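User: Could you take a close look at the aromatic part of this model for me? I'd like to see how its rings are arranged, and then what lies around the pockets.

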Amino acid sequence: MAVSTGSNNGQEKRKAEDPPPYGSGVEYWNKRYKAETAPFEWLEGFKELEHLLKEACSGNLEANILHVGCGTSLLPEQMFDAGYKSITNIDNSEVCIQKMADRNKDK
């Protein structure tokens with residue numbers, strides 16, 4: 001079964017069981033983050049996740065936190081502002097890492 005990957009304006013069709021194209025590698029993500037100027041949240045923001053973070057860290061603001069696939073999320077910045085200071089962000093896109101570094105150079 002084939003499904004459209006968009007409005008089908010000459011775009012390829014892909015099988016329903018094929019993974020979405022956003023996992024197609026570093027080049028895709030670098031291009032996407034260059035084009036997107038605003039931060040993007042994949043899940044929820046700090047406000048919605050705060051109670052879960054407190055529970056996961058047993059309330060320890062000094063806990064080591066690894067944010068895998070951070071993208072351009074504001075979550076680690078909001079966590080930092082709330083007192084979490086040991087946060088490591090990683091992503092395969094050097095573009096989003098540079099954007100985050102630029103946004104937080106004064107912290």
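Analyst:
**Rings, a charge and the pockets**

In this predicted model, the charged end of R32 sits over the ring of F40, 5.4 Å from the ring centre. F40 is a good place to start, as F40 belongs to one aromatic cluster together with Y28, W29, Y33 and W42.

Let's go through the pairs. The count of aromatic pairs comes to four. One of them joins Y28 and W29, edge-to-face, with 5.0 Å from centre to centre and 85° between the planes. Another joins F40 and W42: their ring centres are 4.8 Å apart and their planes stand at 80°, so this pair is edge-to-face too.

How covered are these rings? W29 is buried, because its relative accessible area is 13% and the cut-off for buried is under 20%. Its partner Y28 is partly exposed at 28%. F40, with a relative accessible area of 29%, is partly exposed, and so is W42, at 43%.

Y33, another member of the cluster, leads us on to C96. Leaving aside residues up to four places away in sequence, C96 touches Y33, G71, T72 and D91. C96 is found in helix α4 and is buried, with a relative accessible area of 0%. The C-alpha atoms of C96 and G69 are separated by 9.9 Å, with their positions 27 residues apart along the chain.

Helix α4 also takes us to the largest pocket: α3 (75-81), β4 (87-90) and α4 (94-103) each supply at least two residues of its lining. This pocket holds about 240 Å³ of space. Among its lining residues are P76, E77, F80, K85, I87 and M100, and by class the lining has six nonpolar, two polar and four charged residues. Two of the lining residues, F80 and K85, repeat the theme we began with: K85 lies over the face of F80, at 3.7 Å from the ring centre.

The second largest pocket has a volume of about 190 Å³. Of the 15 residues lining this pocket, E41, L43, H67, S73 and L75 are the closest to its centre. Helices α2 (46-56) and α3 and strand β3 (65-68) each give at least two lining residues, and β3 has the largest share, with four. By class, the lining of this second pocket has 10 nonpolar, three polar and two charged residues.

Key
Residues are numbered from 1 along each chain as its sequence is written. This is a predicted model: local features need pLDDT of at least 70, side-chain atom pairs count only at pLDDT 80 or more; totals for chains, interfaces and linings use all residues. Side-chain values use heavy atoms; hydrogens and water are left out. On a 1 Å grid over the protein atoms alone, a cavity is a set of points where a 1.4 Å probe fits but cannot get out, and a pocket is an open set with protein on both sides within 12 Å along at least five of seven lines; lining residues have an atom within 4 Å of a point. Grid points are joined across faces, edges and corners, and a volume is the space filled by probe spheres set on the points. Ala, Val, Leu, Ile, Met, Phe, Trp, Tyr, Cys and Pro count as nonpolar, Asp, Glu, Lys and Arg as charged, and the others, Gly among them, as polar. Buried means under 20% relative accessible area, exposed over 50%, partly exposed in between (1.4 Å probe, protein chains only). Contact means heavy atoms within 4.5 Å. Rings of Phe, Tyr and Trp (its six-membered ring) pair if their centres lie within 6.5 Å; planes under 30 degrees apart count as stacked, over 60 as edge-to-face and the rest as tilted. A charge sits over a ring if NZ of Lys or CZ of Arg is within 6 Å of the ring centre and within 35 degrees of the ring normal.
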